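Visitor: Hi, could you walk me through this structure? I'd like to start with the strands and then wander a bit.

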Amino acid sequence: PSPPIPVYFIDAGPAATELIEGAPQGKELCPNLHFLGHFGVVTVAGLKVAFLSGRRHAELFSADGEAALPEDEQDEEDGAAGDVADAPTPETLLQKYGAQGPSDGLLIRPDSASVAGRPEGAKAAAREPSWEELKAKEQRETALKSQLFVRGRYTPLAVERLREEIADSAGVDLLLTSEWPASCLKHVPRAWPEEMANRRKVRAAARHCFAHPIAEVAAAAEAKYHIVGLGGVFWRRPPWRHERRGEVVASTGELRCGVCRMISLGATDGSRPGVVEEEKPRTVESPPVPAASSSSAPAKPEKWLHGLDLDPSSLPAAADDATASPWSAKPDLDAVARAAAAESGASALMRPDFSMEDKEERKRWMQRFGCLPAEMQRLSDTLAKQDQPKEKKEKHKSLYKVSEKEKKRRKTGGDGHLPFHAKERMQAKG
């Protein structure tokens, strides 16, 4: 059956290769169901939508900086796991640095006898590729890079063409990708205690589904919303500020940039596409779990449908909780100010601003504290004002010199200061 409303989608699943190769420019599969295509910028209901189907071809993109998460995004558990995984083994040390000489203690290259005694895998690792093999590999990569997609996976040429279309589109409202942009967790504040379980899922999704080309596209598009499909977790990242797209204030000529809000959608069946479950090593104390007891209930589906209210004619709006762009070359001014205040020992308190436009955030505050942050701030201001000592007003002093006789008259209210004729005139009038 066809959906009751128009649905436009991209794909990175098992059918992505067939869809991308069969309909690179998009196709209406059935009434109200449209496949957007391999990549491009289209107009849907007045909205400019940029999209990129499939996943990256890992062999064709540089491996520089392919760490899953930046150092500031890794928690203690992730960092410890990474150290163990990257620890060198005796075999790798022997292949790289050779064997130790018994006489002088120097590192020497392994001889043929030691190589012959190694396993077959070690022999293959020790042999370097020949010039012919390197040349053949280079020619193969060149041929693949001349294509837009290879078996449902996009190449650097597809990313370059998409960035050209984005530059000619004069602004993008929605950016649709399957993969997450690399370093998207940078500048994200720490999670609340009740959000730690969801944040662990987010970290796992970002680790397994990230891609540096998607980060380049997101930085170039500066869309109002960026929707990602892999990971199987619903998460709304705090918006990041644009650096080029915004509104120029007429009075000051200042460029007031908007923000981009990234939203990750869950899967309808509760699965986590793109996330590889890591097997924990089994110890002697923990015997294997029988197959009968290992079967558990199906995972609860994450939120996979989210509504947005967009105005195509409006510019990207600002946000109070916006962070710096994860890919900005500029320093984070907020972080610099906090560091400077900490170094100088500044005791001045920063007054927070709670707009509470997010209904879920408002609900979370009410469940946790029983009141809204604005009410807490007003009460704090009232108590601080009551604790302040009252200021004494200065007594008014006249600038003119007054005699003691005049001071006495003013105090008693008599007319002894007047001459005799003035007193008679006053009595005659009265």
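Visitor: How many bridges join β14 to β17, and do they run parallel or antiparallel?
Guide: Happy to help, and please keep in mind that this is a predicted model. Four bridges join β14 to β17, and the two strands run parallel. One pair to look at is valine 228, which stands opposite serine 264 in β17.

Visitor: Which residue is the bridge partner of tryptophan 235 in β17?
Guide: That is serine 264. Tryptophan 235 belongs to strand β15, residues 235–236, which is joined to β17 by two bridges and runs antiparallel to β17.

Visitor: And β16, in what sense does that strand pair with β17?
Guide: Antiparallel, over five bridges, with β16 covering residues 240–248 and β17 covering residues 255–264. Within that pairing, arginine 241 has valine 259 of β17 as its bridge partner.

Visitor: What sits between β16 and β17?
Guide: Six residues, and the two strands form a hairpin. In the turn, glycine 253 has a positive phi of about 75 degrees.

Visitor: Back to arginine 241: how far is it from aspartate 321, in sequence and in space?
Guide: They are 80 residues apart in sequence, while their C-alpha atoms are 9.9 Å apart in space. Aspartate 321 lies in the loop between α10 (291–294) and α11 (333–344).

Visitor: What does aspartate 321 touch, leaving out residues up to four places away in sequence?
Guide: On that count, aspartate 321 touches Pro238 and Pro239.

Visitor: Switching to pockets. What's the volume of the second largest one?
Guide: The second largest pocket comes out at about 1500 Å³. Its lining is made of 35 residues, and those nearest the centre are Val7, Tyr8, Phe9, Leu265 and Trp304.

Visitor: Which strands supply at least two residues each to that lining?
Guide: β1, β5 (47–52), β11 (174–177) and β14 (225–228) each do so for the second largest pocket.

Visitor: How does the lining split by class?
Guide: For the second largest pocket, there are 24 nonpolar, nine polar and two charged residues in the lining.

Visitor: You mentioned β1. In what order do the strands of its sheet come?
Guide: The order is β1-β3-β2, an open sheet of three strands with mixed pairing. β1 (7–9) and β2 (27–30) each have a single partner strand and stand at the edges, so one side of each has no neighbour in the sheet. On average, neighbouring strands here are turned by 30 degrees against each other, ignoring direction.

Visitor: How is β1 joined to β3?
Guide: By three bridges, with β1 and strand β3 (residues 33–35) running parallel. Tyrosine 8 stands opposite histidine 34 in β3. Tyr8 also turned up among the residues nearest the centre of the second largest pocket.

Visitor: What about the sheet with β6, which order does that one have?
Guide: β6-β10-β9, an open sheet of three strands whose pairing is mixed. Its edges are β6 (55–56) and β9 (149–150), each with a single partner strand, so each has one side left without a neighbour in the sheet. β6 runs parallel to strand β10 (residues 153–154), and two bridges join them. There, arginine 55 stands opposite arginine 153 in β10.

Visitor: Last topic, helices. At what angle do the axes of α7 and α9 cross?
Guide: Roughly 10 degrees, and the axes of helix α7 (residues 156–167) and helix α9 (residues 212–221) come within 10 Å. Angles under 35 degrees count as roughly parallel, and α7 and α9 are therefore roughly parallel to each other.

Visitor: Which residues make the contact?
Guide: From α7 they are Val159, Leu162, Arg163 and Ile166, and from α9 they are Pro213, Glu216, Val217, Ala220 and Ala221. By class, this contact of α7 with α9 has seven nonpolar, no polar and two charged residues.

Definitions and conventions. Residues are numbered from 1 along each chain as its sequence is written. This is a predicted model: local features need pLDDT of at least 70, side-chain atom pairs count only at pLDDT 80 or more; totals for chains, interfaces and linings use all residues. Side-chain values use heavy atoms; hydrogens and water are left out. Axes are lines fitted to C-alpha atoms, for helices over the stretch in contact, and angles run from 0 to 180 degrees between N-to-C directions. Angles under 35 degrees count as roughly parallel, over 145 as roughly antiparallel, 65 to 115 as roughly perpendicular and the rest as oblique. Contact means heavy atoms within 4.5 Å. Ala, Val, Leu, Ile, Met, Phe, Trp, Tyr, Cys and Pro count as nonpolar, Asp, Glu, Lys and Arg as charged, and the others, Gly among them, as polar. Two strands pair if DSSP finds at least two bridges between them. On a 1 Å grid over the protein atoms alone, a cavity is a set of points where a 1.4 Å probe fits but cannot get out, and a pocket is an open set with protein on both sides within 12 Å along at least five of seven lines; lining residues have an atom within 4 Å of a point. Grid points are joined across faces, edges and corners, and a volume is the space filled by probe spheres set on the points.
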